[in-house]
Amino acid sequence: MTHPTPVAAGPSAPAIGTAEAGATVVLYTTTLAPRVAVHTLTALADVATRQGWTVVHQAYDLAPLHVPARLRTGWRSVAQLLDSGEAVGLIVPAEQEIVRTRSERAALRAWLLSLAAFAVYPHAGDQRSSLHPVGAGAPVDRTWGRSYALTRASLRRVRDDARMFLTVLGWPGDVVVAAEVLSRLAENAVVHAGPEAEMSVRLSVTEDDVLLVDVTDPLPEFPDSEAALAGERGRGLMYAQLLGARVTWALSGDARAKTVRAWLLPCDPDEVSP
């Protein structure tokens with residue numbers, strides 16, 4: 001007889017329920033870019049392999065986080081497999097990709113436990129922080145920056161410019177992901193600091209190929225910053241973290257502005273698309 005064992009997908013990886021060796025699992029993520037989804041599912045499959053679980057289905061939705069999970073085609077296919085018992089485990093980067101509110105979170109957990117199923121969220125909690133340490137780091141090797149109006153009309157241009165100049169800078173990472181992270185930080189500035197001013201955007205590549213994405217706006221206040229960075233207030237910064245960024249913020253030297261920074265690691269050589 002196989003005895004249930006606690007889920008252990010990684011350091012501090014939040015989980016619910018228990019899993020048996022050889023459990024059947026489904027993988028799920030939601031994002032706005034297909035390449036991001038493919039990379040994420042590959043990472044989740046690696047988690048399953050390390051635990052000795054069998055992946056029976058993978059699904060993703062190209063939808064923003066505010067779209068309820070019940071309205072997403074990919075999620076519905078995952079839920080059906082769990083309901084039928086064809087899968088007994090769920091692996092998702094973070095619980096926030098499925099639920100948005102405290103009541104939704106409680107309902108999801110109750111549903112999984114009623115099925116005797118388990119869930120693992122390997123990109124939530126402290127694990128992400130350990131993978132993206134914040135510090136002085138290596139010196140900046142090359143950089144690009146410019147200013148934009150603090151309006152929603154600027155966001156598409158910010159994203160397009162980021163894709164172009166990340167290529168020019170020769171950053172060996174996922175340019176689509178980095179552009180989306182920058183877009184989220186810029187949108188956050190537009191929502192909270194605009195519109196009677198400008199934001200400054202800077203992309204910097206360090207000597208060890210870490211990408212620093214900086215968005216500076218003229219509003220020095222950052223109410224409930226800890227909650228915002230934890231995804232408990234707003235969605236922009238939390239979404240940037242779900243895409244793999246480590247997000248921090250700081251006041252300018254004269255305390256008249258603030259900079260929100262996202263740190264992104266380069267891809268492993270085998271992950272870079274030809």
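**Two sheets and the helices that pack on them**

Glu180 touches Leu32, Arg159 and Leu243, leaving aside residues up to four places away in sequence. This residue belongs to helix H6, and in this model, which is a predicted one, Glu180 has a relative accessible area of 11%. That value is under the 20% cut-off for a buried residue, and Glu180 therefore counts as buried.

Helix H6 offers a way into the sheet on which it packs, for it lies across S9, S10 and S12, running at about 15 degrees to S10. These strands belong to an open sheet of five, arranged in the order S8-S9-S10-S12-S11 with antiparallel pairing. Its edge strands are S8 (140–149) and S11 (246–251), each of which pairs on one side only. When direction is ignored, neighbouring strands of this sheet are turned by 20 degrees against each other on average.

Following the order of the strands from S8, one finds that S8 and S9 pair in the antiparallel sense over nine bridges, with Ser147 having Ser200 in S9 as its bridge partner. S9 is in turn joined to S10 by six bridges, again with the strands running antiparallel, and here Arg202 stands opposite Asp214 in S10. The two strands S9 and S10 form a hairpin with four residues between them, and within the turn Asp209 has a positive phi of about 70 degrees. At the other end of the order, six bridges join S11 to S12 (residues 258–264), and these strands run antiparallel; Trp249 has Val260 in S12 as its bridge partner. Another helix, H5 (residues 153–169), lies across S8, S9 (198–206) and S10 (211–217), and its direction makes about 160 degrees with that of S8.

The other sheet is also open and has five strands, in the order S2-S7-S6-S4-S5, but its pairing is mixed. S2 (15–16) and S5 stand at the edges with a single partner strand each, so that one side of each is left without a neighbour in the sheet. The partner strands S4 and S5 run parallel and are joined by eight bridges, and in this pair Val26 stands opposite His57 in S5. On this sheet packs helix H1, which touches S4, S5 and S6 and whose direction makes about 155 degrees with that of S4.

H1 (residues 34–51) has 18 residues and reaches 26 Å from its first C-alpha to its last, close to the 26 Å expected at 1.5 Å a residue. Its buried residues are Val36, Ala37, Thr40, Leu41, Leu44, Ala45, Val47 and Ala48. An α-helix has 3.6 residues a turn, so residues three or four places apart point the same way. What covers the buried residues of H1 includes strands S4 (24–31), S5 (54–62) and S6 (89–91), together with helix H6 (175–193). Just after H1, Gly52 takes a positive phi of about 80 degrees.

A contact between two further helices completes the tour. The axes of H2 (residues 73–84) and H3 (residues 102–114) come within 10 Å and cross at roughly 35 degrees, and the crossing is left-handed. H2 contributes Trp75, Ala79, Leu82 and Asp83 to this contact, while H3 contributes Leu108, Trp111 and Leu112. Sorted by character, the residues of the contact divide into six nonpolar, no polar and one charged.

Conventions: Residues are numbered from 1 along each chain as its sequence is written. This is a predicted model: local features need pLDDT of at least 70, side-chain atom pairs count only at pLDDT 80 or more; totals for chains, interfaces and linings use all residues. Side-chain values use heavy atoms; hydrogens and water are left out. Axes are lines fitted to C-alpha atoms, for helices over the stretch in contact, and angles run from 0 to 180 degrees between N-to-C directions. A crossing is left-handed if the near helix is turned anticlockwise from the far one by less than a right angle, and right-handed if clockwise. Contact means heavy atoms within 4.5 Å. Ala, Val, Leu, Ile, Met, Phe, Trp, Tyr, Cys and Pro count as nonpolar, Asp, Glu, Lys and Arg as charged, and the others, Gly among them, as polar. The expected span of a helix is 1.5 Å times one less than its number of residues. Buried means under 20% relative accessible area, exposed over 50%, partly exposed in between (1.4 Å probe, protein chains only). Two strands pair if DSSP finds at least two bridges between them.
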